[in-house]
Amino acid sequence: MAKKPLTYENALTRAANLCARAEHCRFEIAAKLRQWGTDVQDAERILDWLEDGGFINEERFAQSFVHDKYRFDGWGRTKIRYTLRRYGIGDAAVEAAFREIDENEYVGILRTLLETKSRHSAETDPYKKKASLFRYAMSRGYEPQLISKIVSGLVSGADDFEVEEE
């Protein structure tokens with residue numbers, strides 16, 4: 001048996017409670033409202049009310065998302081930017097959030113990720129090891145120039161493995 005759709009008041013209360021517990025963006029709350037079976041017009045009214053009331057704030061969400069993803073999940077700027085775009089977050093909010101990143105901490109996180117990956121790699125060929133580490137860091141969303149500098153310092157040999165500056 002299918003669940004009964006939430007009324008406007010119940011959906012508003014649930015959405016407000018959800019936003020009060022953690023940062024969410026309009027995209028995430030809209031998905032929840034659809035999941036709860038909320039009418040499209042009611043969902044729009046709820047989303048507007050949440051934004052007007054400060055429950056949803058694009059800049060605050062972007063800042064929180066960037067902070068959590070690079071610090072706790074080890075994501076790079078490229079992956080974070082792509083994900084925020086999928087959530088419909090504007091470029092201005094993303095760039096403002098990126099300015100909050102401590103560059104030394106960001107580089108340190110990448111270095112730690114690559115050192116750990118390098119220690120656990122069974123690869124003995126330096127070129128293949130560098131390529132493997134490079135692919136790994138790229139999949140985490142880091143910038144090629146930064147990856148190249150760190151990987152070159154970690155693995156000796158295969159010195160031709162460099163990314164040119166743009």
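The exercises below, each with a worked solution, concern helix packing, burial and cysteine geometry in a predicted model.

Residues are numbered from 1 along each chain as its sequence is written, and side-chain values use heavy atoms, with hydrogens and water left out. Because the model is predicted, local features need pLDDT of at least 70 and side-chain atom pairs count only at pLDDT 80 or more, whereas totals for chains, interfaces and linings use all residues.

**Exercise 1. Describe how helix α8 and helix α9 pack, from their axes to the residues in contact.**

Step 1: Helices here are DSSP runs of H or I with at least four residues, strands being runs of E with at least two, and both are numbered from the N terminus. On this basis α8 covers residues 126-139 and α9 covers residues 144-154.

Step 2: The axes are lines fitted to C-alpha atoms, for helices over the stretch in contact, and angles run from 0 to 180 degrees between N-to-C directions. The axes of α8 and α9 come within 10 Å and cross at roughly 145°.

Step 3: The crossing of α8 past α9 is right-handed, a crossing being left-handed if the near helix is turned anticlockwise from the far one by less than a right angle, and right-handed if clockwise.

Step 4: With contact taken as heavy atoms within 4.5 Å, α8 contributes K130, L133, F134, A137 and M138, while α9 contributes P144, I147, S148, V151 and S152.

Step 5: Sorted by class, this contact of α8 with α9 holds seven nonpolar, two polar and one charged residues, where Ala, Val, Leu, Ile, Met, Phe, Trp, Tyr, Cys and Pro count as nonpolar, Asp, Glu, Lys and Arg as charged, and the others, Gly among them, as polar.

**Exercise 2. Find which residues of α5 and α6 are buried, and where they lie around each helix axis.**

Step 1: Buried means under 20% relative accessible area, exposed over 50%, and partly exposed in between, with a 1.4 Å probe and protein chains only. In helix α5 (residues 77-86) the buried residues are R77, I80, T83 and L84.

Step 2: Viewed down the axis of α5, these buried residues fall within an arc of 135°, so they line one face of the helix; the arc is that of the directions from the helix axis to the C-beta atoms.

Step 3: The cover over the buried residues of α5 includes α4 (58-71), α6 (91-98) and α7 (103-119). After α5 comes G88, whose phi is positive, near 80°.

Step 4: In α6 the buried residues are A93, V94, A97 and F98. Seen down the axis of α6, they too fall within an arc of 135°, so they line one face of that helix, and they pack against α4 and α5.

Step 5: F98, in helix α6, is buried with a relative accessible area of 7%. Not counting residues up to four places away in sequence, F98 touches V66, R77, I80 and R81.

**Exercise 3. Place G74, Q63 and S118 in the structure and list their contacts.**

Step 1: G74 is in the loop between α4 and α5 and is buried at 5% relative accessible area. Residues up to four places away in sequence being excluded, G74 touches K69, I109, L113, R140 and Y142. The C-alpha atoms of G74 and T116 are 12 Å apart, with their positions 42 residues apart in sequence.

Step 2: Q63, in helix α4, counts as partly exposed at 39% relative accessibility. Leaving aside neighbours within four places in sequence, Q63 is in contact with A97 and E100.

Step 3: S118 belongs to helix α7 and is buried, with a relative accessible area of 12%. With neighbours within four places in sequence left aside, S118 is in contact with K129 and L133.

**Exercise 4. Why is C25 not bonded to C19?**

Step 1: A disulfide is a covalent bond between the sulfur atoms of two cysteines. The criterion applied is a pair of cysteine sulfur atoms within 2.5 Å, and a search of the whole structure finds zero disulfides.

Step 2: The closest cysteine sulfur to that of C25 is in C19, 9.3 Å away, which is too far for a bond.

Step 3: As for burial, C19 has a relative accessible area of 8% and is buried, and C25 is buried at 3%.
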